[in-house]
Amino acid sequence: MGYVFVSGNLALDLAGTRKWRRSEHEELLHTPSDLAAWCGESGQLPKRLQVDDRSFHRALELREAIYDLAVARMADATFPVADLETVNGLAAGPAVGVELTSTGVVRAGDIDSALAEIARSAVLVLSDADAPIKECGRPSCTRIYLDRSRGARRTWCGMDECGNRVKAAAYRARKRADKES
């Protein structure tokens, strides 16, 4: 499918697999095989994972917990207890194995280790009070990302999807205003 990894953090990228949460949402993970493909494309998890329905639903539960915790973090609000339990419970799972080869790093493990790796990524980013977590500036987009840009001035989750569309809409609006003047 070609998933997008623009959040700067594995856990936030998983949260971004459900888009447009304030309006009609767009689900990017429909089936266990979609989750397996996402994990493989992430570059940070084992490739060719076997994902059953139970693990798939645990991943979706983890995704929603990560999103809710990130929203609470951005609002300086108390973390929801159920979401903490979800993330912390999965973070205690087995680690993804890594092996250095002449062609790079090979990651090994099963879906449980992949979910644990994602949950640990959430723990690390959400526990850092100085992590520059932001939500996309496009009104309909709810993707959360780390703003590591110079001066922390990044506005959109990514230029390809949101940034270009916002800029194009603003350009069209200026042209319409010029014609009406």
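This report covers three residues of a predicted model: R48, D76 and S7.

Local features need pLDDT of at least 70, side-chain atom pairs count only at pLDDT 80 or more, and totals for chains, interfaces and linings use all residues. Residues are numbered from 1 along each chain as its sequence is written, and side-chain values use heavy atoms, with hydrogens and water left out.

**Positive phi in loops**

R48 and D76 are tabulated below. Helices are DSSP runs of H or I with at least four residues, numbered from the N terminus. Exposed means over 50% relative accessible area, buried under 20%, and partly exposed in between (1.4 Å probe, protein chains only).

| Residue | Phi | Loop | Relative accessibility |
|---|---|---|---|
| R48 | near 55° | between α2 (32–42) and α3 (53–74) | 74% |
| D76 | about 55° | between α3 and α4 (81–91) | 72% |

R48 is not a glycine, yet its phi is positive. R48 counts as exposed because its relative accessibility is 74%. D76 also has a positive phi without being a glycine. At 72%, D76 counts as exposed too.

**A buried serine**

S7 sits in the segment before α1 (10–15). Its relative accessible area is 0%, so S7 is buried.

What lies 2.9 Å from a polar atom of the S7 side chain? The backbone oxygen of I144 does. Contact means heavy atoms within 4.5 Å. Neighbours within four places in sequence aside, S7 is in contact with L12 and D13, and also with R143, I144, Y145 and L146. I144 thus appears both in this contact list and in the 2.9 Å pair.

Key:
Helices (H or I, at least four residues) and strands (E, at least two) are DSSP runs, numbered from the N terminus. A polar contact is a pair of N or O atoms within 3.5 Å; within protein, one must be able to donate a hydrogen and the other to accept it, and residues adjacent in sequence count only if both atoms are side-chain atoms.
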